[in-house]
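Visitor: I am new to this structure. Please take one part of it and go through that part closely, after a short word on the whole.

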Amino acid sequence: MNPIVTDAKQFTFRSYTFDRATGAVTLTYAIADEEFVERVVFPIPSTGIPEGIDEALDRALFAMHLIAGVSYYKAKLPPEIVVESGSLTNDQAEFWNKLYTLGLGEFFYRNELDFRGYVKFPVTETPSSSPLVRGRDSGSGDVPPPYQGGARGGLVPIGGGKDSLVAIEMLDAANIPFDLVMFGNHARIRDVASEVGKPLLSIARTIDPKLIELNKAGAWNGHVPITAYVGIASVITAMLHGRKDVIFANERSANSGNAEFEGVMINHQYSKSLEAERDLQSYLASFVSPDIRLFSVLRPLSELDIARRFAQNGKYFGVFSSCNKNYKQGGVPSVTRWCGKCPKCAFVFVMLGAFIPRRRMVEMFGEDLLMRDDLLSMYKDLTGYGAMKPFECVGEFEEVIAAFALIHGRGEYDDSPIMRWFVNDVMNTRRDIDALIDRVLAVSSEHAMPEEYAQLVYASR
């Protein structure tokens, strides 16, 4: 790893503004003297913004200003961070130091940058004026006021893949009221949401074009903790629409990292992990409002169990897609649902193939990914018999091995070169396959959701 060397000395969180009539938020940053402006537009209820939420809303907007800055900060990695839009207690600064450091872990790792102890948010003493609540400190350490809103039920961020759909069906079966929320304007997600049939709220985001030009010119670029951004933006949407809960569908394998560097686990899915979820919950309760809840309802479940539940339902086979090449900026799908070349496609094919007949799998994906010799090295990586776990939203090695074993048990893929490799190099060398499958499908007790939601998971085993 190399030390971070940059000609940019300072990154500044300059200001954020909110237009109550249109829902438009302007987030302003600066690297040295170059200014960047990101714009986000939230859906506003037809009845207007609820009464009594202004201070909690402003605190959430301040948090969004800080999380959205990560995309601009990483381009130059200035050693000094300045926050002009609010003030931070020591606890707040430590939260953002950790989220930036571990949330950018893959970015640092891929760019071979030694990030240990590098990110330092300032602990500030002088209160700043807030755009919404003039004269108050939007980042103060005082106990935040109650959020005057929050009907039963909540918002479910929907991404177009199987996990959020399993969560949606679980909540619907329990008669818990909820709306859907999407981040961006992706056509594929709209198609899936239309199939769900629930009200859909859309958060529009426009990145400053100057950042895109910087990246094209060779600025540092890479993975950011986008789930944290989506979470905070969804909290703001929940406040605006009188909802209490933001209900994610993050599974337990998001806790598992990809590689270790100097004692630090690099995790592509860090901002989806239980650790990050608990940290964000604590931040929201302490510095935004104790009355807004964010959690994952699928945390006790493995990816394999989620795939089993999705396969049993069968409702969304024709519209869902987990291939991330569908969800690039701009909203236009770049592939026909599945590219068939990435670790995510390979992973989901095996997960679902454990429970769905081969013919139907080929119909969904357009081809049989277990007949592809060129994907062998990728499947080795996914099972832990290759170089390393891919930097993608994929499950643990044992989950993939268990899925392969279940597929093999049906005898449908005897002609598959990938399956022949699995049987010879993996299955024939292990004597714990049955126990492994049971272990992977077992429901964990580790989660951070309210008890009334936890009961939904345990009741649906």
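Guide: What follows is a short account of the chain, then a close look at one helix and at a lysine in a helix that helps to cover it.

This is a predicted model, in which local features need pLDDT of at least 70, side-chain atom pairs count only at pLDDT 80 or more, and totals for chains, interfaces and linings use all residues. Residues are numbered from 1 along each chain as its sequence is written, and side-chain values use heavy atoms, with hydrogens and water left out.

The chain has 17 helices and 11 strands; these are DSSP runs numbered from the N terminus, helices being H or I of at least four residues and strands E of at least two. Its radius of gyration, taken over C-alpha atoms, is 22 Å, close to the 23 Å from the globule rule (2.2 Å times the number of residues to the power 0.38) for 461 residues, so the chain is as compact as a globular protein of that length. Of those 461 residues, 58% are buried, where buried means under 20% relative accessible area, exposed over 50%, and partly exposed in between, with a 1.4 Å probe and protein chains only.

The part chosen is helix α13, residues 376–383. Its buried residues are Met 378, Tyr 379, Asp 381, Leu 382 and Thr 383. Among the elements that cover them are α11, α14 (397–410) and α15 (417–425). Leu 376, also in α13, counts as partly exposed because its relative accessibility is 25%. Leaving out residues up to four places away in sequence, Leu 376 touches Ile 418 and Trp 421; contact here means heavy atoms within 4.5 Å. After α13 comes Gly 384, with a positive phi near 85 degrees. From Leu 376 to Gly 386 the sequence separation is 10 residues, and their C-alpha atoms are 9.5 Å apart.

Helix α11 (residues 343–353) contains Lys 344. Lys 344 is buried and has no salt bridge, that is, no side-chain nitrogen of Lys or Arg within 4 Å of a carboxyl oxygen of Asp or Glu. The nearest side chain of opposite charge is that of Glu 392, 4.8 Å away; Lys and Arg count as positive and Asp and Glu as negative, while His and the chain ends are not counted. Lys 344 also touches Glu 392, along with Ser 322, Asn 324, Cys 393 and Val 394, again without residues up to four places away in sequence.
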